[in-house]
Amino acid sequence: LPLGDAITLFSLHPIITVFMARLFLGEQVRHSHVFAAFSTVTGAVLMAGPTFLFDDNGEVEVEEVDKLGYLTAVLGSFCAAGVLVLIRKAGKLGAYTSQLLFSFTVFGGGLAFALVMTI
């Protein structure tokens, strides 16, 4: 999976977050939310330059596609959106959002570091 493709697919999480918040939290989806989410993804696509949109030589090459890589990137996007929706829900129940984000960052970073060290 090329890096540009992975970044583009993972950057779908703002759009997924907007619709998951509507579905699970009952929040309103305003035009500004949709515009901001699509703008974020558009910017990420333009910066990452995924191979499925920007082909370098103009020729389409037929090659074996690693579907697991693409599936993992999309699944990661759904997980990131889920974390943000859960943090929002916990904040509504009285937890401090900044503490939840900090603990998510510390424990997520620590777990990722531990997983990398095992490879």
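This briefing looks at how helix 2 and its neighbours form buried nonpolar cores. The structure is a predicted model. Its largest nonpolar core holds 6 residues, and helix 2 supplies the largest share of that core, 4 residues.

**The largest core**
- Here are the members to find in the structure: Ile-16, Met-20, Ala-21, Leu-25, Ala-81 and Val-85.
- Two elements each give two or more residues to this core, namely helix 2 (13–25) and helix 4 (67–92).
- Leu-25 is a good residue to click on: beyond residues up to four places away in sequence, Leu-25 touches Met-20, Val-85, Arg-88, Lys-89 and Lys-92.

**A second core**
- A separate core has 5 residues, including Ile-15, Val-18, Val-41 and Val-45.

**Helix 2 up close**
- The buried residues of helix 2 are Pro-14, Ile-15, Ile-16, Thr-17, Val-18, Met-20, Ala-21 and Leu-25.
- Helix 3 (31–48) and helix 4 are among the parts that cover these buried residues.
- A handy rule for reading such a list is that an α-helix has 3.6 residues a turn, so residues three or four places apart point the same way.
- Just after helix 2 comes Gly-26, which has a positive phi, near 75 degrees.

**Spotlight on Thr-17**
- Is Thr-17, a residue of helix 2, buried or exposed?
- Thr-17 counts as buried because its relative accessible area is 16%, and the cut-off for buried is under 20%.
- Setting aside neighbours within four places in sequence, Thr-17 is in contact with Ala-81, Leu-84 and Val-85.
- Ala-81 and Val-85 also belong to the largest core.

Definitions and conventions. Residues are numbered from 1 along each chain as its sequence is written. This is a predicted model: local features need pLDDT of at least 70, side-chain atom pairs count only at pLDDT 80 or more; totals for chains, interfaces and linings use all residues. Side-chain values use heavy atoms; hydrogens and water are left out. A nonpolar core is a set of buried Ala, Val, Leu, Ile, Met, Phe, Trp, Tyr and Cys residues joined through side-chain atoms within 4.5 Å. Buried means under 20% relative accessible area, exposed over 50%, partly exposed in between (1.4 Å probe, protein chains only). Contact means heavy atoms within 4.5 Å.
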